[in-house]
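This report describes the pockets of one protein model and one of its helices.

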Amino acid sequence: MKIGVLDDDEVHLGAVSTALEQAGRRPTVFSRASALMSALRRETFDLLILDWRLPDRSGLEVVKWVRLNVDPPPPMLLLTSRSEDEAVVEALNAGADDFLTKPASPAVLVARVDALLRRAYPPEPRGGSEEIAEHVFDPFGLTVRYKDRTAELTQKEFDLARLLFRNLHRALARGYLIEAVWGGDPNVNSRSLDVHVSRVRSKLELRPERGFRLTPVYSYGYRLETLTP
């Protein structure tokens, strides 16, 4: 899971980043709201951790901006030194998904992050097949079964298809897809991704007449959607 962390306090930013890394998360840090907002136009984040008080925009302003400009918005955890009830109400009413008073212990921070991620994204199965939108993914046979047919995929095609299905209706950035499927291999470029997306679309017949649409998002990445009749 890729997590964006915004805080202009270098000491606290480092503490949050270290806690997430030790818990196996992948934080990307920002010290200015404008830098994070710019990154959100080209990158995908699974969760955002935002400081309330910032030099260029407040954390509440960032929360509201994300709600308006990222579809769907990722879960957002707001951090602040304020602890009064009015602050909690203001943060949640602005669109934050959770609120945590600074300084938070690493264990509590990670527990809150994990709770938000569990609510927002379905957990990966420990083994065996997985069914998403009537498609049954078999990780051992690298097959996807849909109604009356079964498609055989390569490992990368399978990983890409399952990632797209797990994130239905969510635009995923090219860099996010490459990192998730290929582990950030520097030899994999956008052209390789495009080829694999085309193969997945063809093999799984992700066409409107079958109720699905896999399309590019201009200057960003790809989105898989289900279509209602």
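What volume does the largest pocket have? The largest pocket has a volume of about 540 Å³. The closest to its centre of the 21 lining residues are M1, P122, E124, L163 and R166. Two or more lining residues come from each of α5 (106-120), α6 (155-166) and α7 (174-182), and α6 gives the largest share, 4 residues.

This is a predicted model, in which local features need pLDDT of at least 70 and side-chain atom pairs count only at pLDDT 80 or more, while totals for chains, interfaces and linings use all residues. Residues are numbered from 1 along each chain as its sequence is written, and side-chain values use heavy atoms, with hydrogens and water left out.

A pocket is an open set of points on a 1 Å grid over the protein atoms alone where a 1.4 Å probe fits, with protein on both sides within 12 Å along at least five of seven lines; lining residues have an atom within 4 Å of a point.

| Pocket | Volume | Lining by class |
|---|---|---|
| Largest | about 540 Å³ | 9 nonpolar, 1 polar, 11 charged |
| Second largest | about 270 Å³ | 9 nonpolar, 2 polar, 5 charged |

The second largest pocket is lined by 16 residues, of which L40, N69, V70, D71 and Y220 are the closest to its centre.

L40 also belongs to helix α2 (residues 33-40), where A33, L36, M37, A39 and L40 are buried (under 20% relative accessible area, 1.4 Å probe, protein chains only). These residues lie on the same side of α2 because they cover an arc of only 160° around the axis. Their cover includes β1 (2-6), β2 (26-30), β3 (47-51) and α3 (59-69), with contact meaning heavy atoms within 4.5 Å. Helices (H or I, at least four residues) and strands (E, at least two) are DSSP runs, numbered from the N terminus.

How values were computed: Buried means under 20% relative accessible area, exposed over 50%, partly exposed in between (1.4 Å probe, protein chains only). The arc is that of the directions from the helix axis to the C-beta atoms. Grid points are joined across faces, edges and corners, and a volume is the space filled by probe spheres set on the points. Ala, Val, Leu, Ile, Met, Phe, Trp, Tyr, Cys and Pro count as nonpolar, Asp, Glu, Lys and Arg as charged, and the others, Gly among them, as polar.
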